[in-house]
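Please look over the chain shown here, and follow its fold before turning to its ligand.

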Amino acid sequence: MMYLIVFAFLFSGCTANKEADSLIQKACKDASTSPGGDMIPHFEKVCIETLKENSKSQNARTLGDLIIVGANNAISNLTNVKRMVEKIIKEKKYKNSLTKKLLEECLKLYSNSFKLLTSGLNYVKIRNFVKATEVFLDAEDGPAFCGLKFNGDNQQISPVKEENIFLMTMLLIPESFAMEASHDQKLK
Ligand SMILES: *[C@@H]1O[C@H](CO)[C@@H](O)[C@H](O)[C@H]1NC(C)=O
């Protein structure tokens, strides 16, 4: 009897994972051909890997569930990059005062993105995918404008250049999923 229960448990766990995995694969494939995703090399692979890394993705049954996982991943990545920048400023690890000023501007942009991501999450929870898409799109401005501050003309190189680029991909994941979900909603 025990054996049967364990077996049933294992089996249901296994099909559940298959369901979540195929949901992740489909969502990431669709997102990789959507505007933005199509411009980022290996977007589909990064999308699948980062979602699977978060164990909560295994409980996802709908695209809405996946948006929540993607948005939480983006929030945690954003928080980490923000902490890195704060540490660089605190420990005066920047090259010159202009770099410091630009990094401080990036911190403001990151804080704004953080607020927008949190608000987007709330819209996803009430299944307002149109509003969620809007705020997730605005959240992408944070790392985008931060990257643009370090342009060729001012000869400044961001100490978090790679992290900031990666962050854009992480923000694009929930945004492209939300856009897909809002299209699905309109078709109903
Ligand atoms: C952002 O997330 C990715 C994937 O999980 C990870 O490899 C990377 O180290 C994270 N970046 C930061 C700054 O935490």
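UniProt positions are given in the numbering used here, with shortened feature names, and such annotations may be inferred rather than shown by experiment. With that in mind, the unreviewed UniProt entry lists residues 19-177 as "domain: Pectinesterase inhibitor". The model itself is predicted. Over residues 19-177 the chain is 75% helix and 0% strand, and the C-alpha atoms at the two ends of this range are 17 Å apart.

The chain as a whole contains 7 helices and 0 strands, and its pattern along the sequence reads α-α-α-α-α-α-α. Its C-alpha trace spans about 70 × 40 × 30 Å along the principal axes. Of the 188 residues in the chain, 33% are buried. Among contacts between residues at least 6 apart in sequence, 69% join residues at least 24 apart.

The ligand comes next. Its surroundings consist of Thr50, Glu53, Asn77, Asn80, Val81, Glu163 and Phe166. Three elements each give two or more residues to this shell: helix H2 (43-53), helix H3 (63-90) and helix H7 (161-187). H3 gives the most, with 3 residues. Sorted by class, the shell around the ligand has 3 polar, 2 charged and 2 nonpolar residues.

Taken together, the chain has 7 helices and 0 strands, and H2, H3 and H7 are the elements that give two or more residues to the shell around the ligand.

Note on methods. Residues are numbered from 1 along each chain as its sequence is written. This is a predicted model: local features need pLDDT of at least 70, side-chain atom pairs count only at pLDDT 80 or more; totals for chains, interfaces and linings use all residues. Helices (H or I, at least four residues) and strands (E, at least two) are DSSP runs, numbered from the N terminus. A residue is near a molecule or strand if its C-beta atom, placed from the backbone, lies within 6 Å of it. Ala, Val, Leu, Ile, Met, Phe, Trp, Tyr, Cys and Pro count as nonpolar, Asp, Glu, Lys and Arg as charged, and the others, Gly among them, as polar. A residue is buried if 20 or more other C-beta atoms lie within 10 Å of its own, exposed if 12 or fewer, and partly exposed in between; C-beta atoms are placed from the backbone. Two residues are in contact if their C-beta atoms, placed from the backbone, lie within 7 Å.
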